[in-house]
Amino acid sequence: MEPQLPTIKNVFVNETDDDDPPALSSHALAALKEFLEEQRQSLANHETAENGEGTLEPESEVALVTEDWRLSQFWYDPETARTLSQEVLSLCSHSKYKVACIACPTLYAYLKKFDPNISVQLLEYDKRFEQCGSDFTFYDYNQPEDLPLELKYTYHVVIADPPYLSKECLEKVTQTISFLAQPQESHLLLLTGEVQRDRAAELLGLRACNFRPRHSSKLGNEFRVFTNYDPGERLGGWEQER
């Protein structure tokens, strides 16, 4: 659709002279030029976005589908998503490294924005994310190993965000992590509530980091990130053991 020009008052000079063609005043010409330049820039930005060009600036955000609270969906805020993405990318020291995101589509979206070539698989119950194509695998935590065999023992980095803060849910997601992760030298990140601290240590040998993930919807539950490796100064480092 062609852009509609705004109404400009007092555009014409010699308005009472029907014999002369109407002419734009200098003020109107400047306004028209400014408007057309804005339209040109807007179109250029739109085409860049469609072509997947450009890089993710620090203040940029990634658009996601609307949260479905019935599925216990709560998207990370942009700072959290960027911090986690940078951590995952720092772990992918080789181009052949593969990443699995279990029930954390926000992280998947930011990873693909940072690095469109990264090999990352999204395991998710919400079929709206089928738009991710071959990167999407349907996942129901109640059937933790009902997954394609080609995913078994494949991933160097596994990030999981269990949808519920129950013992049963974490136990089943742990089964999925064990199914996906390479038996040796895999990096695990678990995003869940503080109430799961002891279970995370017992089931997966994870420790809490000082970085505190946050959600756009401002959840009341204290949320943490746990890892099976020492992140050094990243993610605020490991929290001192109690």
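# Exercises on a predicted model

Helix H3 is largely enclosed by the rest of the structure, because seven of its ten residues are buried. The model is predicted, and the exercises below begin with this helix.

## Exercise 1. The surroundings of H3

Task: Identify which residues of H3 are buried and what covers them.

Solution.
1. A residue counts as buried when its relative accessible area is under 20%. In H3, this applies to Pro105, Thr106, Leu107, Tyr108, Ala109, Tyr110 and Leu111.
2. The cover over these residues includes H2, S3, strand S4 (119-124) and S6.
3. Just ahead of the helix in the model is a loop between S3 and H3, where Ala103 is found. The phi of Ala103 is near 60°, a positive value in a residue other than glycine.

## Exercise 2. The length and burial of H2

Task: Check whether the span of helix H2 (residues 78-91) agrees with its number of residues, then state which of its residues are buried and against what they pack.

Solution.
1. The helix has 14 residues and, at 1.5 Å a residue, should span 20 Å.
2. The C-alpha atoms at its ends are 20 Å apart, so the expected and the modelled span agree.
3. The buried residues of H2 are Pro78, Thr80, Ala81, Arg82, Leu84, Ser85, Glu87, Val88 and Leu91.
4. These residues pack against one helix, H3 (105-114), and against strands S3 (98-102), S6 (157-160), S7 (187-193) and S9 (223-227).

## Exercise 3. Two helix pairs

Task: Describe the packing of H2 with H3 and of H4 with H5, giving the geometry and the residues involved.

Solution.
1. Two packed helices are described by the angle between their axes and the distance between the axes.
2. For H2 and H3, the angle is about 65° and the axes are 9 Å apart. The crossing is right-handed.
3. On the H2 side, the contact is made by Pro78, Ala81, Arg82, Leu84, Ser85, Gln86, Val88 and Leu89, and on the H3 side by Thr106, Leu107, Tyr110, Leu111 and Phe114. By class, these residues divide into nine nonpolar, three polar and one charged.
4. For helix H4 (residues 167-180) and helix H5 (residues 197-204), the axes come within 11 Å and cross at roughly 30°. Here too H4 passes H5 in a right-handed crossing.
5. Lys167, Leu170, Glu171, Thr174 and Ile177 of H4 meet Arg199, Ala200, Leu203 and Leu204 of H5. This contact holds five nonpolar, one polar and three charged residues.

## Exercise 4. Residues brought together across the sequence

Task: Locate Phe74 and Ser216, and state how far apart they are in sequence and in space.

Solution.
1. Phe74 lies in the loop between helix H1 (26-50) and H2. Its relative accessibility is 23%, so Phe74 counts as partly exposed.
2. Ser216 lies in the loop between strand S8 (207-208) and S9. With a relative accessible area of 42%, Ser216 is partly exposed.
3. The two residues are 142 residues apart in sequence, and their C-alpha atoms are 7.3 Å apart.
4. Leaving out residues up to four places away in sequence, Ser216 touches Trp75, Tyr76, Asp77 and Pro78. Pro78 is also one of the H2 residues in the contact with H3.

## Exercise 5. A strand residue and a loop residue

Task: Decide whether Ala100 and Glu185 are each buried or exposed, and describe the setting of each.

Solution.
1. Ala100 is found in strand S3. Its relative accessibility is 0%, so Ala100 counts as buried.
2. Beyond its neighbours within four places in sequence, Ala100 is in contact with Gln121, Leu123, Tyr155, Val157, Val158, Ile159 and Leu180.
3. Ala100 and Leu122 are 22 residues apart in sequence, with their C-alpha atoms 6.1 Å apart.
4. Glu185 is placed in the loop between H4 and S7. At a relative accessible area of 74%, Glu185 is exposed.
5. The phi of Glu185 is positive, at about 60°, although the residue is not a glycine.

## Exercise 6. The whole protein

Task: Summarise the secondary structure, the burial and the contacts of the protein.

Solution.
1. The protein has five helices and nine strands. From the N terminus on, their order is β-β-α-α-β-α-β-β-β-α-β-α-β-β.
2. Of its 242 residues, 40% count as buried. The accessible surface comes to about 14600 Å², and carbon and sulfur atoms account for 47% of it.
3. Among contacts with a separation of 6 or more, 63% join residues 24 or more positions apart.

How values were computed. Residues numbered from 1 in each chain as written. Predicted model: local features only at pLDDT ≥ 70, side-chain atom pairs only at ≥ 80, totals over all residues. Heavy atoms only, no water. Helix = DSSP H or I, 4+ residues; strand = E, 2+ residues; numbered from the N terminus. Expected span 1.5 Å × (residues − 1). Buried < 20%, exposed > 50% of the residue type's maximum accessible area, 1.4 Å probe, protein only. Contact = heavy atoms within 4.5 Å. Areas by Shrake-Rupley, 256 points an atom, 1.4 Å probe, with all protein chains shown as cover. Axes fitted to C-alpha atoms, helices over the stretch in contact; angles between N-to-C directions. Left-handed = near helix turned anticlockwise from the far one by under 90°. Nonpolar A, V, L, I, M, F, W, Y, C, P; charged D, E, K, R; others polar.
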